[in-house]
Amino acid sequence: MGLVIATVNMKGGVGKTTLTVNLATCLAKNHQKRVLVVDLDTQISATLSLMSPQDFAKARKTRRTLSHLIDKAIRPNIQSKLAIKDVIQPYVCTIKELNLLPGDIDLYDEYLVSEMLHNKAVSEEKSNFSDVWNHFEKLLIKSILEPIIDDYDFIILDCAPGYNLLTRSGIVASDFYLLPARPEPLSVVGIQLLERRIAKLKESHNSGTSFNLQLLGIVFILSGGLIGRYYNQVMKRVTEDFSPNLLFKNRIPMDVNVAKAVDSFMPVVLATPTSSGAKAFTKLTNEFLQKVEAHQNKVQNHTKKMNLANLE
Ligand SMILES: Nc1ncnc2c1ncn2[C@@H]1O[C@H](COP(=O)(O)OP(=O)(O)OP(=O)(O)O)[C@@H](O)[C@H]1O
Ligand SMILES: [Mg+2]
């Protein structure tokens, strides 16, 4: 079964989308992993980093975006023959293993969601509206991905800044989350706030199905010059605050090629593979795979121990 990874940080502009699209591309191109990028952000940055606006407009015209799948979840009675497999774009950036579930500038209407859940609560005679809401939130992204989860090794969710319904639903559907951040004092506070919110989410969504989300690691986006020197001081504090295995050793340097790549509708690892940014993402992908493998070995050893304990 594919591993679902959410790229999250409540702070905006910290490199979530850049990390998502470059990691996904390296996993597909260099490691032949089957990867799906899911754009959960109405800014559609991940979508436009991987396909041209013209191709996106065509997809949107034929309702082949995430918006349609969310619509089906909110209004189950709508007539539609389009399934998730019809919406996914194959051969993204001409890489066979790289697929994209395009986002949309309108993904859902909060009022419609609230109305639908209110009606549901009334018809099912549920007095606790928050239970109905939590149930919907827990299953929304999970149920959209369910039919295709076995088709991929990795499904990477590019979350919007903030902490909206889709981010929460994406987090609940994930096995791991990645946290890109800049080493600034407020960023560090942001990381701790997010961790607290995720712990709360685990508490409120943990009934029934298992929800064992883990932080795979924090990825730092560095900077050069004077600000870079200051960042290094903050980095020292960060390494004291977080366990070393939660920090990616590879860091991403600021590199103009990373920002420029968006103009060619492809990630920097394809647009300028010899640039410092591209090289850093390539190395980071190797470390990502090592971290995933280490987690999986830990789970296997734990299961073995449990089985042995049951035999005794
Ligand atoms: N290593 C880098 N070097 C240079 N520019 C970068 C780098 N990483 C990201 N950027 C640029 O910084 C901007 C913000 O990056 P990105 O869109 O990845 O952040 P984000 O966290 O996804 O933002 P949002 O919260 O709005 O979704 C973009 O213009 C991107 O091209
Ligand atoms: Mg983004």
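Of the 19 residues around ligand 1, the ones that come nearest are Gly 12, Lys 16, Thr 17, Thr 18 and Pro 161; a residue counts as near if its C-beta atom, placed from the backbone, lies within 6 Å of the molecule. This is a predicted model, so local features need pLDDT of at least 70 and side-chain atom pairs count only at pLDDT 80 or more, while totals for chains, interfaces and linings use all residues. Residues are numbered from 1 along each chain as its sequence is written, and chains are lettered from A and ligands numbered from 1 in the order in which they are written.

Sorted by class, the shell around ligand 1 holds eight nonpolar, eight polar and three charged residues. Here Ala, Val, Leu, Ile, Met, Phe, Trp, Tyr, Cys and Pro count as nonpolar, Asp, Glu, Lys and Arg as charged, and the others, Gly among them, as polar. The largest share of that shell, three residues, comes from helix H1. Helices (H or I, at least four residues) and strands (E, at least two) are DSSP runs, numbered from the N terminus.

Next comes the sheet. Six strands line up in the order S3-S2-S4-S1-S5-S6 to make an open sheet, and the pairing is parallel; two strands pair if DSSP finds at least two bridges between them. S3 and S6 (214–220) sit at the edges with a single partner strand each, so one side of each has no neighbour in the sheet. On average, neighbouring strands are turned by 20° against each other, direction ignored. Helix H1 (residues 16–31) packs on this sheet and touches S1, S2, S3, S4, S5 and S6.

At one edge, S2 (residues 35–39) pairs with S3 over four bridges, and Val 37 stands opposite Leu 100 in S3. Within S3, Leu 98 and Leu 100 point one way, Asn 99 and Leu 101 point the other way, and all are buried (20 or more other C-beta atoms within 10 Å of a residue's own, all placed from the backbone). At the other end of the order, S5 (residues 176–181) and S6 share six bridges, with Phe 176 partnered by Gln 214 in S6.

Finally, the axes of helices H7 (residues 129–145) and H8 (residues 165–172) come within 7 Å and cross at roughly 75°; axes are lines fitted to C-alpha atoms, for helices over the stretch in contact, and angles run from 0 to 180 degrees between N-to-C directions. H7 and H8 are therefore roughly perpendicular (65 to 115 degrees).

Note on methods
Angles under 35 degrees count as roughly parallel, over 145 as roughly antiparallel, 65 to 115 as roughly perpendicular and the rest as oblique. A residue is buried if 20 or more other C-beta atoms lie within 10 Å of its own, exposed if 12 or fewer, and partly exposed in between; C-beta atoms are placed from the backbone. Two residues are in contact if their C-beta atoms, placed from the backbone, lie within 7 Å.
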